[in-house]
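Reader: Hi! I'm about to look at this one for the first time. Could you walk me through what's there?

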Amino acid sequence: MPVLFFILISVFLGAAAQVLFKVGVQHLDGVVFDLQGFIRLGLSPFILTGLVSFAASFILWLKVLADVPLSYAYPMVSLGYVLVFLVSWLFLGESLPPLRILGLVLIIAGILAIARS
């Protein structure tokens, strides 16, 4: 399989993990970061699924790093910003200020430029 596939899956899983973490802490209604709070976090299905996604992303990322230059692969991580932005807007009801949209467009342009290099 082409390495770009592994990059995209790794980035997608990393972005999914961030969204799952956000949903997980929202469902806990105010997490206190003490022992009991960490136990509550550890028992949350959203947090646990996020951790599994994050671990899978990490393992795929190691495969990517073994195969391509870091200067090519790492900027692709920026695609995670795009995915998190879109999912946050579509499913979490977060806002879309114009300046943030402009930043998103610039990130996408940068990703495309690097992908073509």
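## A first look

Author: Happy to! There is one salt bridge in the structure, meaning a side-chain nitrogen of Lys or Arg within 4 Å of a carboxyl oxygen of Asp or Glu. One thing to know early: this is a predicted model, where local features need pLDDT of at least 70 and side-chain atom pairs count only at pLDDT 80 or more, while totals for chains, interfaces and linings use all residues. Residues are numbered from 1 along each chain as its sequence is written, and side-chain values use heavy atoms, with hydrogens and water left out.

Reader: Thanks! Which residues form the salt bridge?

Author: Lys63 pairs with Asp67, and their closest N and O atoms are 2.5 Å apart. Both residues belong to helix α3, four residues apart, about one turn of the helix. Helices here are DSSP runs (H or I, at least four residues) and strands are too (E, at least two), numbered from the N terminus.

Reader: Why would four places along a helix matter?

Author: An α-helix has 3.6 residues a turn, so residues three or four places apart point the same way.

Reader: Are Lys63 and Asp67 buried or exposed?

Author: In between! Lys63 counts as partly exposed because its relative accessibility is 36%, and Asp67 is partly exposed too, with a relative accessible area of 43%. The cut-offs are under 20% relative accessible area for buried and over 50% for exposed, with partly exposed in between (1.4 Å probe, protein chains only).

Reader: Let me zoom out. How many helices and strands does the protein have?

Author: Six helices and zero strands. From the N terminus on, the order is α-α-α-α-α-α. The C-alpha atoms fill a box of roughly 50 × 35 × 20 Å, taken along the principal axes.

Reader: And what share of the residues is buried?

Author: Of the 117 residues, 28% count as buried. As for contacts (heavy atoms within 4.5 Å), among those with a separation of 6 or more, 68% are between residues 24 or more positions apart.

Reader: Back to α3. Which of its residues are buried?

Author: They are Ile47, Gly50, Ser53, Ser57, Leu60, Trp61 and Val64. The cover over these buried residues includes α1 (3–27), α2 (35–43) and α4 (70–73).

Reader: A serine in there? Tell me about Ser57.

Author: Ser57 sits in helix α3, which covers residues 45–67. Ser57 counts as buried because its relative accessible area is 9%. Setting aside residues up to four places away in sequence, Ser57 touches Ser10, Leu13 and Gly14.

Reader: What length should α3 have?

Author: At 1.5 Å a residue, the 23 residues of α3 should span 33 Å, and the end C-alpha atoms are 33 Å apart, so the two agree. The expected span is 1.5 Å times one less than the number of residues in the helix.

Reader: New topic: how do α5 and α6 pack?

Author: Helix α5 (residues 79–92) and helix α6 (residues 98–116) meet at an angle of about 145°, their axes 9 Å apart. Axes are lines fitted to C-alpha atoms, for helices over the stretch in contact, and angles run from 0 to 180 degrees between N-to-C directions.

Reader: Which residues make that contact?

Author: From α5 it's Leu79, Tyr81, Val82, Phe85 and Leu86, and from α6 it's Arg100, Ile101, Leu104, Ile107, Ile108 and Ile111. By class that gives 10 nonpolar, no polar and one charged residues. Ala, Val, Leu, Ile, Met, Phe, Trp, Tyr, Cys and Pro count as nonpolar, Asp, Glu, Lys and Arg as charged, and the others, Gly among them, as polar.

Reader: Can we look at Val82 and Phe85?

Author: Sure! Val82 lies in helix α5 and counts as buried because its relative accessibility is 6%. Leaving out neighbours within four places in sequence, Val82 is in contact with Leu104, Ile107, Ile108 and Ile111. Phe85, also found in helix α5, counts as buried at 13% relative accessibility. With residues up to four places away left out, Phe85 touches Leu96, Arg100, Ile101 and Leu104.

Reader: What do the buried residues of α5 pack against?

Author: They pack against α1 and α6. The buried residues of α5 are Gly80, Val82, Phe85 and Ser88.

Reader: And what follows α5?

Author: Gly93, whose phi is positive, near 70°.
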